[in-house]
Amino acid sequence: MTEVAFHFNAPDKLAYACRFARKALRRGVRVVVTGGAADLQALDRMMWALGPTDFVAHALADGDPDVVAASPVLLAVEPLSVAPRDMLLNLGTQLPPGYEQFDKVIEVVSASDEQDRQLARTRWRQYAAQGYEIVRHDLVLKENA
């Protein structure tokens, strides 16, 4: 069964997604990041702006097929449009379609956007109603530890 984890209190969801993808890549984990097209375009620009030692090899899922096939991190509005990877990182507002095809789903939740937090609560209830045990990570507590 897919493992579901919520990462709460992200001060900047896109910056957190960059760091998370970099850590996953260093561990050899293949990741699909999903969300709205504008967020994924912004994330793509952020990833290209990272320094050489922090670079995250990635591609937009609708890009060159050879580059997509070789990229360990894919940015996809529709996660079902790409071959399943190890992990799905959701920046979107709804349950991502096909999430159950991934070993792990990470839901990133804003620290300050109340609408984002409310939508995350809805997703939490949807996962729980389907029988998933959810792991909770409070990023504020993690920072202070």
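This is a short talk about one sheet in this structure, the helices lying across it, and residue E107.

Okay, so keep in mind that we're looking at a predicted model. Let's start with the sheet. It's an open one with seven strands, and the pairing is parallel. If you walk across it, the order goes β3-β4-β2-β5-β6-β1-β7. At the edges you've got β3, residues 58–60, and β7, residues 134–138, and each of those pairs on one side only. Neighbouring strands are turned against each other by 20° on average, ignoring direction.

Now zoom in on one edge. Strand β1, residues 3–10, pairs with β7 in the parallel sense, over five bridges. If you want a spot to click on there, F6 stands opposite R136 in β7.

Next, the helices. Helix α1, residues 13–26, lies across β1, β2, β4, β5 and β6, and runs at about 150° to β6. Helix α4, residues 114–129, lies across β1, β5, β6 and β7, and its angle to β6 is about 155°.

That brings me to β6 itself, residues 104–110, because I want to show you E107, which sits in that strand. Is E107 buried or exposed? Its relative accessibility is 0%, so E107 counts as buried. And what does the E107 side chain make a polar contact with? That would be the side chain of R123, at 2.6 Å. Leaving out residues up to four places away in sequence, E107 touches A5, F6, H7, N90, P96, R123 and Y127. So F6 shows up again: the residue opposite R136 is also one of those touching E107.

Technical notes
Residues numbered from 1 in each chain as written. Predicted model: local features only at pLDDT ≥ 70, side-chain atom pairs only at ≥ 80, totals over all residues. Heavy atoms only, no water. Helix = DSSP H or I, 4+ residues; strand = E, 2+ residues; numbered from the N terminus. Buried < 20%, exposed > 50% of the residue type's maximum accessible area, 1.4 Å probe, protein only. Polar contact = N/O pair within 3.5 Å; in protein donor to acceptor, adjacent residues only side chain to side chain. Contact = heavy atoms within 4.5 Å. Pairing = 2+ DSSP bridges. Axes fitted to C-alpha atoms, helices over the stretch in contact; angles between N-to-C directions.
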